[in-house]
Structures are given as C-alpha cells and as structure tokens.
Amino acid sequence: RVVSGRGAVEECKPTNVHVVTGTPEETANILAGLERDGMVKKLPKYENCWLARTDPKDVARVESKTVIVTKKKRDTIPIPAAGVKSQLGSWMSESDWQKAREERFPGSMAGRTMYVIPFSMGPVGSALTKYGVQVTDSPYVVASMGIMTRMGTPVLNKLAEGVEFVRCQHSVGRPLPLKAPLVNSWPCNPEKVLISHLPDTRQILSFGSGYGGNSLLGKKCFALRIASRIAKDEGWLAEHMLILGITSPQGVKRYIAAAFPSACGKTNLAMMKPALPGWKVECVGDDIAWMKFDSQGKLRAINPENGFFGVAPGTSNKTNPYAMATIVKNTVFTNVGETSDGGVWWEGLDPPPADMALTDWHGKTWKQGSSTLCAHPNSRFCAPAAQCPIIDPQWESEEGVPIDAIIFGGRRPEGVPLVYESLNWQHGVFIGAAMRSEATAAAEHKGTDPHMFLRCSSVKLSGAVSLLLLFFT
C-alpha cells in the first residue's frame with residue numbers, strides 16, 4: 001500500500017524502480033547521475049550548488065494545459081457564457097481525461113528508472129501536515145523534491161502507519177530509445193503537456209514537462225489545488241500566502257500572512273530587512289500557507305514546504321540580502337546565467353567585472369547590452385528554507401504560528417492605490433476575493449493582461465481579513 005506505484009509501473013513500464021530514502025548518499029548519487037547525463041552542471045564557486053538549463057519550450061507553469069477533472073463542471077468552475085473562457089481554471093470531463101491519459105502514459109517511462117518519492121507537506125507528525133507519494137522518471141525532480149519537501153524514510157514510516165496520502169504520477173514523456181534528440185539534454189514533450197488534478201480521488205497526474213511547477217507536484221498541484229479541496233472537506237484553508245513574524249522595538253511579536261501572485265514580491269517581503277530601527281522580521285514561509293482555527297478560535301498557519309523555489313531575476317543584495325545568503329550552498333538553479341568563475345548571474349544583480357565571461361540560459365555567450373536576456377524571466381533558485389539567516393524559530397511548529405493579520409496584494413501598473421484599507425469586514429472579503437494582478441512570467445503569459453488570483457474560500461475568511469483592520473488601526 002505504501003509504495004502505491006504498482007499500477008503506475010504496469011502503465012508506464014519503467015526499466016527500473018527506485019524507492020527514494022532521502023539519504024545524503026542517495027542525493028549525491030542522483031546529482032552525479034544528472035551531471036553525467038548533462039542535465040545539471042556543478043557550480044564550483046559555491047558549496048554543493050548546481051545549474052540546470054531546460055528545453056526553451058519548458059520554462060514555466062503551463063496554465064492552458066492545467067486541468068481539474070470532476071464529474072460536474074460546476075464542481076470546478078463557474079460555467080461561463082457560451083464562447084467565453086473561464087478565468088478561474090480549466091475543467092476536463094472524466095471521459096476526455098481518460099482518453100488523454102491513454103494517449104500519454106502507457107509505456108512513457110520505457111528505458112528509464114521510476115523513482116518513488118514518499119514526501120510530507122509540513123513537519124512530519126504535525127496535525128496540519130499532509131502526505132504524498134510521487135512517482136516520476138525525472139531525477140531532477142527527485143533532487144528538487146528533496147529540497148522542497150520532507151522526503152524519504154521518515155515519511156515512508158509514517159505511511160506504513162496507514163495515514164492517507166495524495167497519489168502523484170509524473171512523466172517527462174520521453175521514453176527510451178529517443179525518437180528525436182533532446183534540447184539542452186532536457187527530456188520533455190511540450191506538445192503533449194497535461195497537468196491534471198482529480199480532487200475526488202486525491203490524485204495528480206502530470207505529463208510532458210520537467211519544469212518545477214509542473215513536475216514538483218508537492219508545490220502548486222498539491223499544496224494549493226488538491227489541498228484546497230481537502231481543506232474544503234475538512235474545514236481549513238490552503239492559500240497562496242507568505243508567512244512572516246514581525247517583532248516591534250518593544251518586543252511584541254505578531255505573525256502576518258500575505259497573498260500575492262508569483263513574481264510579485266512574496267519572497268522579498270517574507271525576508272524583509274526592516275529599515276526602521278528596532279524592528280525585526282523573521283521568515284516562516286514565502287509562498288504557501290495552510291491555516292486552521294485552533295480550539296480557542298485562533299487562526300494558526302504552517303508553511304507546508306521545506307524550501308524556497310524563488311524567482312531569480314530581481315533578487316539581489318539590494319532587494320533581498322537574506323535570500324542571497326540562503327542560496328550560496330545546497331541550491332539547484334534553473335535557467336539562470338553562468339559566470340566564467342563558476343557562479344551564477346541574472347538581471348538585477350550588479351554587473352560582473354569586465355573580464356568576467358557570461359553564458360546565458362541557452363548556454364550561449366552573452367554580453368552586457370545584448371538584446372536578449374541572460375537569465376529567463378522565470379528562472380529559479382531551489383534552496384532549503386532552514387538555510388535562511390532569518391528563518392523563524394517557530395517555522396516548523398507542529399501547531400502552527402498564530403496569524404494576526406492578512407494582506408492581499410498584486411502587481412497593477414495603474415488605477416489602484418499602492419496601499420488601501422477596507423471599510424469593514426465584509427468589504428475586506430469582497431476586495432480580497434475580487435483582486436486582480438498583472439500576469440507574470442511564471443505562468444507562460446506575456447504582456448499585461450490582468451488575471452484574478454484570489455478566491456473567498458468560505459465565510460471563515462471574513463474573520464481573518466478583519467484582522468488586517470484590527471492589527472493596523
């Protein structure tokens with residue numbers, strides 16, 4: 001039952017099956033294999049850091065190919081008028097999904113190793129934690145999941161006790177022998193990408209992409225999409241929010257959650273270095289918050305992740321010195337630029353010395369002033385959260401930290417004040433549920449079309465939103 005990959009083995013037909021234990025020796029072997037295959041490159045300037053370059057067709061979450069499968073469309077999204085595309089997700093019928101699955105997964109891992117990854121979202125043993133098992137044919141995913149989740153034997157032992165878990169199946173969709181050469185030694189199948197979620201049965205099946213958000217199924221797929229359904233059934237909230245602790249000069253500490261879309265500053269805010277004397281900020285998480293009211297009616301939150309999967313461009317010692325200190329060891333960089341001394345570079349960092357050669361994310365020589373970018377706009381660093389110099393002492397608290405305020409925000413170039421306060425609790429719920437933000441490079445879109453990114457999950461959110469008023473007035 002624990003290693004529930006038997007059906008996946010029969011369907012995908014891998015040559016080997018490896019159950020991941022999460023030991024340092026295993027991780028070192030995974031990275032050495034990736035290096036032999038040309039998928040990653042060691043960065044000698046740092047301690048145990050690696051650079052991956054993807055196929056240029058596999059660089060972001062593919063929202064247009066991300067679907068939720070339920071019996072009724074209405075269970076997933078409000079049904080739009082004829083000819084109008086919903087802005088709140090894509091639904092696929094069970095029959096269409098079954099056909100799509102049969103066109104993709106059978107034999108998809110031929111010639112490859114299937115890795116079985118037992119993982120935990122949240123500290124192992126916490127009442128707020130949920131568990132998962134991901135099967136994948138990508139060792140890059142194994143290396144990244146080892147950073148982003150608690151992974152391996154401790155979770156396997158927990159699963160052996162009979163806890164429920166989310167079933168995650170992923171394939172890059174390039175069985176061996178290859179029928180066409182790879183680009184950048186990066187296996188993917190862009191024409192057949194499909195990231196599907198089955199909330200009724202707690203399953204995620206992802207095909208064709210090796211990129212983070214599409215293949216690290218503990219992130220958006222589990223921690224937001226499936227977790228939102230579990231939260232609805234169990235009476236809690238799974239939100240796209242950072243969590244930070246703020247201590248005043250008088251020693252009073254409050255915890256705040258804040259919701260912004262990807263690439264709108266969550267990581268920078270979560271690791272803020274206050275300019276006001278005497279104030280201190282500590283980071284609990286930079287992307288996702290799972291929140292639940294305790295027996296005393298206090299809203300508590302955990303960061304279900306174990307690492308940071310941050311956007312690199314724009315991150316610098318000026319904007320986020322603590323992130324820069326976090327990523328100098330044990331980090332996997334993807335689609336950033338490379339310096340000739342074995343380091344990394346991206347837009348937003350200080351220009352390198354004149355005698356320093358640069359290689360762009362395509363692996364080509366790059367110079368300052370070039371018409372192309374050195375790092376992809378959605379290039380990433382994947383680093384352990386425990387390495388953050390200002391990680392909060394309670395970031396792995398089993399009961400979660402107490403939330404005193406929630407901020408909603410996004411990126412709007414015009415028409416909206418930078419900061420504003422709702423008139424009352426009901427107005428605050430309306431603002432949070434209706435907020436929109438400029439589209440970002442994280443979700444394949446280009447340009448400035450705004451998209452809705454928040455929802456009002458339940459009336460219980462009204463009390464949480466009100467805390468913004470209570471805390472700041």
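Let's start at Lys130, a lysine that is buried in this predicted model, with a relative accessible area of 19%. That value counts as buried because the cut-off is under 20%. What does its side chain meet? Lys130 pairs with Glu234 in a salt bridge, at 2.9 Å from N to O. The two come from distant parts of the chain: Lys130 sits in strand E7 (residues 130-136) and Glu234 in helix H7 (residues 218-234), 104 residues apart. Glu234 itself is partly exposed, at 42% relative accessible area, so this bridge joins a buried lysine to a partly exposed glutamate.

Stay on helix H7 and you'll come to Lys219, which is also placed there. Its partner is Asp287, and the salt bridge between their side chains spans 3.0 Å, N to O. Asp287 lies in the loop between strand E15 (280-285) and strand E16 (289-293), 68 residues away from Lys219. Is each end buried or exposed? Asp287 is buried at 8% relative accessibility, and Lys219 is buried too, at 4%. This pair doesn't stand by itself, either: Lys219, Lys220, Lys266, Asp287 and Glu305 are linked in a network of salt bridges.

Now hop over to Glu338 and Lys41, whose side chains meet in a salt bridge of 2.9 Å, N to O. Here the bridge ties strand E20 (residues 337-339), home of Glu338, to strand E2 (residues 40-42), home of Lys41, and the two residues are 297 apart. Glu338 is buried, with a relative accessible area of 8%, while Lys41 is partly exposed at 40%.

How many salt bridges does the structure hold? There are 24, and the three pairs toured here are among them.

Terms used
Residues are numbered from 1 along each chain as its sequence is written. This is a predicted model: local features need pLDDT of at least 70, side-chain atom pairs count only at pLDDT 80 or more; totals for chains, interfaces and linings use all residues. Side-chain values use heavy atoms; hydrogens and water are left out. A salt bridge is a side-chain nitrogen of Lys or Arg within 4 Å of a carboxyl oxygen of Asp or Glu. Helices (H or I, at least four residues) and strands (E, at least two) are DSSP runs, numbered from the N terminus. Buried means under 20% relative accessible area, exposed over 50%, partly exposed in between (1.4 Å probe, protein chains only).
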